[in-house]
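Q: Could you take a close look at the loops of this protein chain, and explain what can be said about single residues found in them? I am a first-year student, so please go step by step.

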Amino acid sequence: SSGINAEYGRKACHDCHGAGKIVIQCRGCQGNGIRLSTIQTYPGVFHQVPHECMHCSGSGHAGNGACPTCGGRGIAIAQKKLDLRIPHNCRDGQDLVFEGLGHHLPGQEEAEQEE
């Protein structure tokens, strides 16, 4: 068999884990989605009452901006050199399957790549 060098690789973005966005914890509620307000019910008696955070609408997150690494696509191109072994009896145009080299898209198992 003879080897060739090829550039390959489409994987889930490492920084956003395929989500396409960077989620930032809300500073108003420290990511809980709930804030506590202190109210006086009787003279000298105070209670803390939970309510939805007005900064994040209860999600606990703020700033769901596009990931700067992948531009919001959730996929990043990772180039690496491969030494692919092509059988010497391979015909021109024949499909070859290289296991474990398929594109890895967010939320999916790594697939086989046909060449």
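A: What follows begins with the chain and then turns to three loop residues. The model is a predicted one, and its protein chain has eight strands and zero helices, so that the pattern read along the sequence is β-β-β-β-β-β-β-β. Of the 115 residues in this chain, 21% are buried.

Going along the sequence, Q30 is found in the loop that lies between β2 (21-25) and β3 (34-42). Q30 is not a glycine, and yet its phi is positive, at about 55°. Because exposed means over 50% relative accessible area, Q30 counts as exposed with its relative accessibility of 51%.

The loop between β4 (45-52) and β5 holds S57, which is again a residue other than glycine with a positive phi, here near 55°. The relative accessibility of S57 is 54%, and therefore S57 counts as exposed.

G71, in turn, belongs to the loop between β5 (61-66) and β6 (75-86). With a relative accessibility of 55%, G71 also counts as exposed. Along the chain G71 and C13 are 58 residues apart, while their C-alpha atoms are separated by 9.9 Å.

To set this pair beside the chain as a whole, one can turn to contacts with a separation of 6 or more, of which 60% are between residues 24 or more positions apart. As for the surface, the protein chain exposes about 8,500 Å², and carbon and sulfur atoms supply 49% of that area.

Methods. Residues are numbered from 1 along each chain as its sequence is written. This is a predicted model: local features need pLDDT of at least 70, side-chain atom pairs count only at pLDDT 80 or more; totals for chains, interfaces and linings use all residues. Side-chain values use heavy atoms; hydrogens and water are left out. Helices (H or I, at least four residues) and strands (E, at least two) are DSSP runs, numbered from the N terminus. Buried means under 20% relative accessible area, exposed over 50%, partly exposed in between (1.4 Å probe, protein chains only). Contact means heavy atoms within 4.5 Å. Accessible areas come from the Shrake-Rupley method with a 1.4 Å probe; for residues, only the protein chains shown count as cover.
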